Amino acid sequence: NRRRGFSGRKWLPQPLRKLSQGKVDKPSIERSLIKKGSDKNLKLSEKPNEQEDELNPSNLTQSGSQVDYEAEEEVTLELPPPMKPLNEPVVITNGPPTYKDLKDNSSNLSNTLSFKKMEGNAPADLSEIEQIVKEKTEQHEVKSKFLKPLDVNSDNSKDLEASLSNNDETSDRNDKNTDQSDMETAQKKRICALSELVTTEEIYIQDLAEIVNGYMAEVSNPNGDIPLPEDLKGGKERMVFGNIEIIYEWHRDYFYKALQKCLKTPSELGPMIKRYERKLHMYIVYCQNKPVSEHIVTEHMAYFEQIRQKLKHRLDLSDLLIKPVQRITKYELLLKEITKQTERAGFADEVQSMQEAYYVMKIVCKAVNDMMDVRRLQKFEGKITAQGKLLLHGPLICIEANNNADRTASVVQKPRELQVFLFEQSVIFSDIVGKRTQFTSPTYVYRAHIQVNKMLLEELPNNRFLIKSTDPHRSEVVSFICSAQTVEQNQEWLETIRNILKSQHDFLIAIQSPIAYQKELTKES
């Protein structure tokens, strides 16, 4: 590597400066440049035997008798390549370096820093190098603690194990604190849900009181200011309210007081709901009468509006009569929330009773909704309550088939959606009129029915099944090819119908030959 240095009069050494003035004509003495490690400056060697091959006199040119050496001239200097910086420390895995290593490293570094020899400045440079190596060694001792193998018997390893163990204990305490906080939060949420149950119960009783003490009292008062319409006389007015007076008295005198006790002892809520399971079935009776009530109120809207204005009620009669249906749904939601928070709060002994209470309310709510749909069935000539328990209902895609054309009916007729009610005693098919919205529900018009004890079930491909009447007294065979919206719903219908047919078959055998039926039951047990 060759570097160009600037040479001028003010930078020339004393012998060359005299030569530039033309007074001394002697060969130039080349001086070597050495790097002194102590102050890191370029100095000229003072010894005559070290002055060789640094400056070439042929590079100095003259022009005329008096040569102006104050002009610029170039001097080519031979400098060694720059030393690479020590950016990364040398990792020593077997402990700190020995004195021998320090000595070797210092000698190597001194040889690299010198251009030729470092006789005069060697002691100063070596001391500086030893100082650098010493600092690097101290840094290495700190880092080598994490790099060298861990001695299980050393004090450092014991301290490390103690630190890790303390961290684990701290983590466990934090987890326990988090779990404890979650449990406390769940307890608060459970109390809030229970308080909402009691608060809304009080409001619900006030709404029922407006019906019983307001509308019912006014309608049944023969000396009232507002005359009763002729269509409502003869007991028809009682069909408007159903058994709502019984519901009101039970909630006011029993259920509300029982809920207030549960605020102090929440563990009694589940058993209390189970204890009143049969009483809650009064809501099913109320909902059976609800469609009839809605029809009468709609026909005499003006009459009940006069009563509302006289009583100065905010809600009309239709809004109040829907309150029991809304309340039974509210019970289900609140019990579900209380059950969930009871489990999260860690009350394991109360979880089962709360789950049973929630199941009871869920069954009642489902039965209420089912009865609401059944009561929307119109033009059914039989008595709906004589059909037994409602097991399943919902829309099915049906194709009506007659005589022997049942299997090819899909080619002849277009499929249509029918509302099908599956009772213990019969299956009722009905047309759907209207659509379900937020404020209205569809009505169902009777189309056909099949008695369960005279019914044939056949499973067909493509998730379809055939329901066919085997009644010999019918003039024509009634059969429907049905399919549900999903495979799961299709299987639910098939299993439910199979179970009914099996129960009917067992009941028939028990009537015809009771002794043989009892023996068969004994063998199975």
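In what follows, a residue is called buried when its relative accessible area is under 20%, exposed when that area is over 50%, and partly exposed in between. The model studied here is a predicted one.

**Exercise 1.** Decide whether Asn463 and Lys312 are buried, partly exposed or exposed, and describe the backbone of each.

*Solution.* Begin with Asn463, whose place is in the loop between β10 (455-460) and β11 (464-469). Its relative accessibility is 38%, which falls between the two cut-offs, and therefore Asn463 counts as partly exposed. Turning to the backbone, the phi of Asn463 is near 55 degrees, a positive value in a residue other than glycine.

Next take Lys312, which is found in the loop between α9 (301-311) and α10. Because its relative accessibility is 76%, and the cut-off for exposed is over 50%, Lys312 counts as exposed. Lys312 is not a glycine either, yet it has a positive phi of about 60 degrees.

**Exercise 2.** Describe the largest pocket: what is its volume, and which residues lie nearest its centre?

*Solution.* The volume of the largest pocket is about 1,000 Å³. Its lining is made up of 33 residues, and those that lie nearest the centre are Glu294, Ile322, Met372, Arg376 and Ser441. Two or more lining residues come from each of the elements α8 (282-299), α10 (317-321), α11 (323-344), α12 (348-374) and β5 (377-378), and the largest share, eight residues, is given by α8.

Sorting the lining by class gives 10 nonpolar, 14 polar and nine charged residues. As a last step, consider the domains: domain 1 (180-374) and domain 2 (379-522) each supply at least three residues to the lining.

**Exercise 3.** Explore the largest nonpolar core: which of its members touch the most other members, and which helix gives the largest share?

*Solution.* This core has 70 residues, and those touching the most other members are Phe241, Leu269, Met272, Tyr283, Phe304, Leu321 and Val368. The largest share of the core, 13 residues, is provided by helix α4 (residues 155-219). Both domain 1 (180-374) and domain 2 (379-522) contribute at least three residues to this core.

To follow one member in detail, choose Val368: when residues up to four places away in sequence are not counted, Val368 touches Tyr283, Ile284, Cys287, Val325 and Ile328. Apart from the largest core lies another core, of 23 residues, which has Val452, Met455, Leu457 and Phe480 among its members.

Notes: Residues are numbered from 1 along each chain as its sequence is written. This is a predicted model: local features need pLDDT of at least 70, side-chain atom pairs count only at pLDDT 80 or more; totals for chains, interfaces and linings use all residues. Side-chain values use heavy atoms; hydrogens and water are left out. On a 1 Å grid over the protein atoms alone, a cavity is a set of points where a 1.4 Å probe fits but cannot get out, and a pocket is an open set with protein on both sides within 12 Å along at least five of seven lines; lining residues have an atom within 4 Å of a point. Grid points are joined across faces, edges and corners, and a volume is the space filled by probe spheres set on the points. Helices (H or I, at least four residues) and strands (E, at least two) are DSSP runs, numbered from the N terminus. Ala, Val, Leu, Ile, Met, Phe, Trp, Tyr, Cys and Pro count as nonpolar, Asp, Glu, Lys and Arg as charged, and the others, Gly among them, as polar. Domain bounds come from an automatic or database domain assignment. A nonpolar core is a set of buried Ala, Val, Leu, Ile, Met, Phe, Trp, Tyr and Cys residues joined through side-chain atoms within 4.5 Å. Buried means under 20% relative accessible area, exposed over 50%, partly exposed in between (1.4 Å probe, protein chains only). Contact means heavy atoms within 4.5 Å.
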